[in-house]
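User: I would like to learn to read a protein model step by step. Can we take it as short questions and answers?

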Amino acid sequence: MLLDLLPLGVLLLDADEHIVYFNRNFTEILDGLSLEISVGMPFRALLGSYLDGQIGKAPEDNDAGEAPDFLCSLIDEGCPRQFNLASGRVISVTARRLDNGQSLLLYSDITEAQTYERESSLYRAALENVPEPVFLRDSER
């Protein structure tokens, strides 16, 4: 119940890459997925939906049509990877291998943060190229 309160999607896999646990936020993050997720289901089935384009594509995915070893690459890199969902949202995924051989994957929706960062970069670039001095003030002057 505590894991359902986290603002993260949690996915726990056993050593054979079968789903042991997932929280409600995980299913909400992947709400466009037509596949019914269940405990005991192979992670590869979820990955198959990802590769079919139902979820989206990672920016660094190849177009050769071959399935990369997605889970191992996440865990080996040890840093978050971002994926663009077909719905337009951007998801960050971090994976860790646990001492008991299980894998813990954490999913977070970073769409708003990415939008804010893009807008900030655009405003900053525009202001840096204005030939006149410019200052900004907030509502409190």
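User: How many helices and strands does the chain have, and in what pattern do they follow along the sequence?

Analyst: This is a predicted model. The secondary structure comes to 5 helices and 6 strands. Read along the sequence, the pattern is α-β-β-α-α-β-α-β-β-β-α.

User: What percentage of the residues in the chain is buried?

Analyst: Buried means under 20% relative accessible area. The chain has 141 residues. Of these, the buried share is 31%.

User: How much area does the chain expose, and what share of it do carbon and sulfur atoms supply?

Analyst: The exposed area of the chain is about 9,300 Å². Carbon and sulfur atoms supply part of that area, and their share is 53%.

User: Let us turn to strand β1. How many of its residues are buried, and which residues lie on each side?

Analyst: Strand β1 spans residues 9–13, and 5 of its 5 residues are buried. In a regular strand, side chains alternate between the two faces of the sheet. Both faces of β1 are covered. One side holds G9, L11 and L13, and the other holds V10 and L12.

User: Which strands pair with β1, and in what sense?

Analyst: β1 and β6 pair over 5 bridges, in the antiparallel sense. There, the bridge partner of L11 is L105. In β2, I19 stands opposite L13. β1 and β2 pair over 3 bridges, and the sense is again antiparallel.

User: Which residue in the hairpin of β1 and β2 takes a positive phi, and near what value?

Analyst: The hairpin has 5 residues between its strands. E17 lies in this loop and is a residue other than glycine. Its phi is positive, near 65°.

User: Is E17 buried or exposed?

Analyst: The cut-off for buried is under 20% relative accessible area. E17 has 14% relative accessibility, so E17 counts as buried.

User: D14 is in the loop between β1 and β2 too. What does its side chain reach, and at what distance?

Analyst: D14 is partly exposed, with a relative accessible area of 23%. Leaving aside neighbours within four places in sequence, D14 is in contact with V20, G101 and Q102. Its side chain reaches the backbone nitrogen of H18, at 2.8 Å.

User: What distance separates the C-alpha atoms of D14 and L98?

Analyst: Along the chain, D14 and L98 are 84 residues apart. In space, their C-alpha atoms are separated by 9.7 Å.

User: Which residues in the largest nonpolar core touch the most other members?

Analyst: This core has 18 residues. Elements that give two or more residues to the core include β1, β2, α2 and β6. The largest share, 3 residues, comes from β5. The residues that touch the most other members are L11, F26, L46, L105 and Y107.

User: How are the rings of F26 and Y107 arranged?

Analyst: A pair of aromatic rings is described by the distance of the centres and the angle of the planes. For F26 and Y107, the centres are 4.9 Å apart and the angle is 70°. Planes over 60 degrees apart count as edge-to-face, so the F26 and Y107 pair is edge-to-face.

User: Why does this pair tie together distant parts of the sequence, and which residues join the ring cluster?

Analyst: F26 lies in helix α2 and Y107 in strand β6, so the pair ties together parts that are 81 residues apart in sequence. Both F26 and Y107 are buried. Ring pairs link a cluster of F22, F26 and Y107.

User: Is N25 buried or exposed, and which residues does N25 touch?

Analyst: N25 is in helix α2, residues 24–29. At 13% relative accessibility, N25 counts as buried. Not counting residues up to four places away in sequence, N25 touches D4, L6, P7, L8 and G9.

User: Is S108 buried or exposed, and which residues is S108 in contact with?

Analyst: S108 is in strand β6, residues 103–109. Its relative accessibility is 19%, so S108 counts as buried. Leaving aside neighbours within four places in sequence, its contacts are L8, I29, V90, I91 and S92.

Technical notes
Residues are numbered from 1 along each chain as its sequence is written. This is a predicted model: local features need pLDDT of at least 70, side-chain atom pairs count only at pLDDT 80 or more; totals for chains, interfaces and linings use all residues. Side-chain values use heavy atoms; hydrogens and water are left out. Helices (H or I, at least four residues) and strands (E, at least two) are DSSP runs, numbered from the N terminus. Buried means under 20% relative accessible area, exposed over 50%, partly exposed in between (1.4 Å probe, protein chains only). Contact means heavy atoms within 4.5 Å. Two strands pair if DSSP finds at least two bridges between them. Accessible areas come from the Shrake-Rupley method with a 1.4 Å probe; for residues, only the protein chains shown count as cover. A polar contact is a pair of N or O atoms within 3.5 Å; within protein, one must be able to donate a hydrogen and the other to accept it, and residues adjacent in sequence count only if both atoms are side-chain atoms. A nonpolar core is a set of buried Ala, Val, Leu, Ile, Met, Phe, Trp, Tyr and Cys residues joined through side-chain atoms within 4.5 Å. Rings of Phe, Tyr and Trp (its six-membered ring) pair if their centres lie within 6.5 Å; planes under 30 degrees apart count as stacked, over 60 as edge-to-face and the rest as tilted.
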